[in-house]
Every structure is written in C-alpha cells, then in structure tokens.
Amino acid sequence: MTPDPPPPTDTPDADGRGRPQLPAPPLPAPALSRLPLPGRALLGRLLSGRLFSGRLHDARTATAVGRLLGLAFAVCLVTGLISHYLQHPPAWAAGSLPTRPVWGYRLSQGLHVATGLAAIVLLLVKLWTVYPRLFAWPPVRGVRHGLERLSVAALVASAVLEVFTGLLNTVQWYPWPFGFVETHFALAWVASGSILLHVAVKAPEIRAHWTARSAGTLRLPAEDGPDRRSLLLGTAAAVGAVTLTTAGQSFTPLAALDLLGPRHPGRGPQGLPVNKTAAAAGIGPGPLPDWRLEVRGPAPYTLTLPQLRALPQTRARLPIACVEGWSAQATWSGVRIRDLLARAGAPPGAGLRVTSLETGGAYRVMEMGREHARDPLTLLALELDGQVLSPDHGYPARIIAPNRPGVLQTKWVTLLEVL
Ligand SMILES: Nc1nc2c(c(=O)[nH]1)N[C@H]1C(S)=C(S)[C@@H](COP(=O)(O)O)O[C@H]1N2
Ligand SMILES: [Mo]
C-alpha cells in the first residue's frame, strides 16, 4: 500500500534503508551456475544472509505489490459496503434498495470474497517484501517517522485481522469472543483510515518521486533483475491459483475447478448448498401437519399448506447468494409476497417482518422494505426446481427475493407481519 517508490533518503546505500550493504560472499559457483536465474539469485542471497535485502525488499517492489493490494482492498471495501447496507439499510436508502439486476448481489459478494482471498496472498507478499523495514532500528526517528510507523502498525494489524476474520467466516469458524459482523465492518474502516493516513504521511515522498519523474531526474536502477519479475510472476500465479480454485463457488463456468471453496454450487439437497440444516435449526423432519402461515395486517388471516398451494403460483429463476461467497441459481415457485400482503389489506408500499419456525438463531426474523415486498419476483417459495422444498431448504415455505443477501432469504417461514 506504499503508493510510490520514494527517492533515496538519508544514507543512500545500495538498499536505501540506512543499513550498510554486506559484501556478497563468493557463491559456490559450479552448483549455483546450473540453477535457473531466479533460483540462483534467491539461493545466493539466502547463503549470504541477505535474504531480506535487495530489490525484492526495496520500495519499488513494495509499491508494485502495494498497488495490487490496494486495488483488491478497494474492490473488497466497496462490495463489502454494498453487502452491509443491503443487510442494514441506512434510513435514507430504506425502501429504495435496487431489486435489479436479480444477480447483482451474487456478483458483488462473489467479488467481495474473491478479492478478499486475493488480498490474503497479496498481503502476505507485501509483508514479506517490507518485513525488514518493520523492524528497522531506531524504531522512531522523529514525529513524521513516528506517525508513519504508527500508521503502518495500525494498517498491518487491521488488514491482517480483516482478511483472516473474513477467511474464517467463509468456513464458518469463529474462534474469537467478538461478533464477526461488527468487527469485520469496524475493521474495514480502521484499515481504510490507516491506508489514507499512510498515504498522507508518505505524501512528501510521493510528491518528490513524481516531481523527479516529470523532471526526468528520477534515478532508477539501470536494469531490473529477474528476481523482481519472478516475485511478481509468482505472486500473480498464487493469486490466480487461489482465484481459479475458489471462484467456481459463485461463478458457475468455473464450478469444475472449485476445489477450495467450502461450498460447491450444485452439491447439497436438491442440488443446492445449505448453510443451516433443518436439524440444526431444530425443525422437522416430518411433514409438519400443524404448520400454518399467519399473516398479520389490517385484515389478518391464516392459511394451511394446501390453501397456500391453491393460490396463484409464480415461477422465478433467482440465485441464493450467501455472504460467505457461494451462490447458485435455482427455479423457485410459490406465492407472490405482494399478493399475500394485499390479501391482508396492506396499504401499497408496505414493508413486512418475516418470522421463521426456528426458535433461535440470528436469521429467525427478517424485515423487508417495500421495494422487495412489492417486487413481482419476491416469493414465499413452496417449490425448488419443480419439487416440494426439502426440509433443509425451508419446507414448508421460504422467502426468495431478487438481489438480496442469502441471510435474508428466510427459511421455514410461519409468520408475515405487515409493517
Ligand atoms: N430461518 C433461517 N433462514 C435462513 C438461514 C437461517 O439460519 N435460518 N440461513 C440463511 C443463509 S445464511 C443462507 S445463505 C440461505 C441459504 O439457503 P439454502 O440453505 O436453502 O441454500 O438461507 C438463509 N435462510
Ligand atoms: Mo448465508
């Protein structure tokens, strides 16, 4: 996230970090000369005790990796905010969230998790690149330097926590005492703030670099070694490998390569993954003969399952897009929410509260604004791909709505309340 390579500062030694260069000891020539160039350079440095110095650890490499990391982070932040505000609409946006394109959230959350995973690789490379500077001595050389180190400390700590809490959330593992959503959200701001602070603190160096560049007086090493290229190629390969083996969890054409994604679209009851099973929610597995749909509003009513099935049914092809990154399309059919609300005498533009049979859990109750409530594709679904919903997918009835996070597609619905 270093914005640009600073010009040489302080003691302008070869590695630009105020540390004297160790003379390179002679390499054991015969063995090394047979190695391909990048390997030879790395091994040479390892043998000479200079693994963490040189071009792979200079400002230019740190900047190259930092820019990619900054880009991944920016996409991750924007898509993360989209996800957050779709789940917790701010007052000014309530009632006017977009319901199209129906796959909007699928795309944005797929990008969020993909760029988050890429950021893990890039962050590790970036930390490896700047590693020697993190422990430079003396730790503080003045106010600006102190501020810079403070911003780096905040940046490293928040960025590492942010990407790893995100990663563990995708496998639903929460080995910490704090709430994931609040912490992940708050850290996003801390990390973004530290990036801005970091850039601000480095502004003089960035300016000097661009001034020298436009004046044509920028001093860059005459030749760029194969080691830097290898590092960048290796980084690209690692990011590519992580992306190719996980993107299939939301990007169907790559589904066959989805080796590392914790959920696989197409795998699960009725060909669709499940996060919380009926058993885990304490529901079923029987046919639930006592189940009723209760609708509360100006003209409240109750329906049995056969009565609900006798109402006009609508078919919609819509994705389930989980916040954890997996998503899958399916054909749902059921009764339009707007028809159920109208029957309860709801005024036009009413929202609703949806309650599940589930007795606990964070997603037992969900509220839906008027934009989704009146959308013709928002259903109380009874069927999935032409079959009665399986218990794990929310039998007898579940919500399915366009362009909405999976957490809001409430399963095992039993109560609708007009708001
Ligand atoms: N009642 C209830 N509904 C729920 C959940 C839940 O835990 N309880 N999980 C949600 C989450 S996180 C997702 S991603 C979708 C997954 O739907 P599926 O299991 O049918 O694929 O259901 C949602 N509906
Ligand atoms: Mo989810």
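Modeller: A definition comes first: a residue is buried when its relative accessible area is under 20%, exposed when that area is over 50%, and partly exposed in between. The model discussed here is predicted.

Biologist: Why is Arg 144 called partly exposed?

Modeller: Its relative accessible area is 39%. The intermediate class lies between under 20% and over 50%, and Arg 144 is therefore partly exposed.

Biologist: How do you know whether Glu 205 is buried or exposed?

Modeller: The relative accessibility of Glu 205 is 14%. The limit for a buried residue is under 20%, so Glu 205 counts as buried.

Biologist: What makes the contact between Arg 144 and Glu 205 a salt bridge?

Modeller: The definition asks for a side-chain nitrogen of Lys or Arg within 4 Å of a carboxyl oxygen of Asp or Glu. Arg 144 and Glu 205 meet through their side chains with an N to O distance of 3.5 Å, and the contact qualifies. This pair links distant parts of the chain, since Arg 144 belongs to helix H5 (residues 143–170), Glu 205 belongs to helix H6 (residues 180–215), and 61 residues separate them. The structure holds ten salt bridges.

Biologist: What makes Asp 227 and Arg 55 a salt bridge, and why can the pair be said to tie parts together?

Modeller: The N to O distance between their side chains is 3.3 Å, and the limit is 4 Å. Asp 227 sits in helix H7 (residues 226–244), whereas Arg 55 sits in the loop between helix H2 (37–47) and helix H3 (59–87), so the salt bridge ties together parts that are 172 residues apart in sequence.

Biologist: Which class, buried or partly exposed, applies to Asp 227 and which to Arg 55?

Modeller: Asp 227 has a relative accessible area of 5% and is therefore buried. Arg 55 has 25% and is therefore partly exposed.

Biologist: How do you know that Glu 417 and Arg 353 form a salt bridge?

Modeller: Their closest N and O atoms are 3.5 Å apart, within the 4 Å limit. Glu 417 is part of strand S10 (residues 413–418) and Arg 353 is part of strand S5 (residues 352–356), so this pair ties together parts that are 64 residues apart in sequence. Glu 417, at 15% relative accessibility, counts as buried, and Arg 353, at 27%, counts as partly exposed. Both belong to one network, in which salt bridges that share partners join Glu 294, Arg 296, Arg 353, Glu 367 and Glu 417.

Biologist: What makes Trp 103, Leu 107 and Leu 111 a nonpolar patch on the surface?

Modeller: Members of a patch need over 30% relative accessible area and no salt bridge, and nonpolar side chains are joined within 5 Å. Leu 111 may serve as the example: its relative accessible area is 38%, so Leu 111 is partly exposed and also passes the cut-off of over 30%. Leu 111 is found in helix H4 (residues 104–134). Together the three residues have about 300 Å² of accessible area.

Biologist: Helix H4 also holds Gln 109. Why is Gln 109 called buried?

Modeller: Gln 109 has a relative accessible area of 4%, and because buried means under 20%, the term applies. The side chain of Gln 109 reaches the backbone oxygen of Val 323 at 2.6 Å, and the limit for a polar contact is 3.5 Å.

Biologist: What makes Leu 384 a buried residue?

Modeller: Its relative accessible area is 0%, so the criterion of under 20% is met. Leu 384 is found in strand S7 (residues 379–384). The C-alpha atoms of Leu 384 and Thr 331 are 5.9 Å apart in space, while the two residues are 53 apart in sequence.

Biologist: How do you know that side chains make polar contacts with ligand 1?

Modeller: A polar contact is a pair of N or O atoms within 3.5 Å. A polar side-chain atom of Ser 356 is 3.2 Å from a nitrogen atom of ligand 1. For Arg 398, the distance to an oxygen atom of the ligand is 2.5 Å, and for Lys 411 the distance to an oxygen atom is 2.5 Å. The protein covers 98% of the 530 Å² of accessible area that ligand 1 has on its own. Ligand 1 is surrounded by 20 residues, the closest being Pro 273, Glu 358, His 393, Arg 398 and Lys 411. By class, this shell contains nine nonpolar, six polar and five charged residues.

Key:
Residues numbered from 1 in each chain as written. Chains lettered and ligands numbered in written order. Predicted model: local features only at pLDDT ≥ 70, side-chain atom pairs only at ≥ 80, totals over all residues. Heavy atoms only, no water. Patch = residues over 30% accessible without salt bridge, like charges linked within 9 Å, V, L, I, M, F, W, Y side chains within 5 Å. Areas by Shrake-Rupley, 256 points an atom, 1.4 Å probe, with all protein chains shown as cover. Helix = DSSP H or I, 4+ residues; strand = E, 2+ residues; numbered from the N terminus. Buried < 20%, exposed > 50% of the residue type's maximum accessible area, 1.4 Å probe, protein only. Near = heavy atom within 4 Å. Polar contact = N/O pair within 3.5 Å; in protein donor to acceptor, adjacent residues only side chain to side chain. Nonpolar A, V, L, I, M, F, W, Y, C, P; charged D, E, K, R; others polar.
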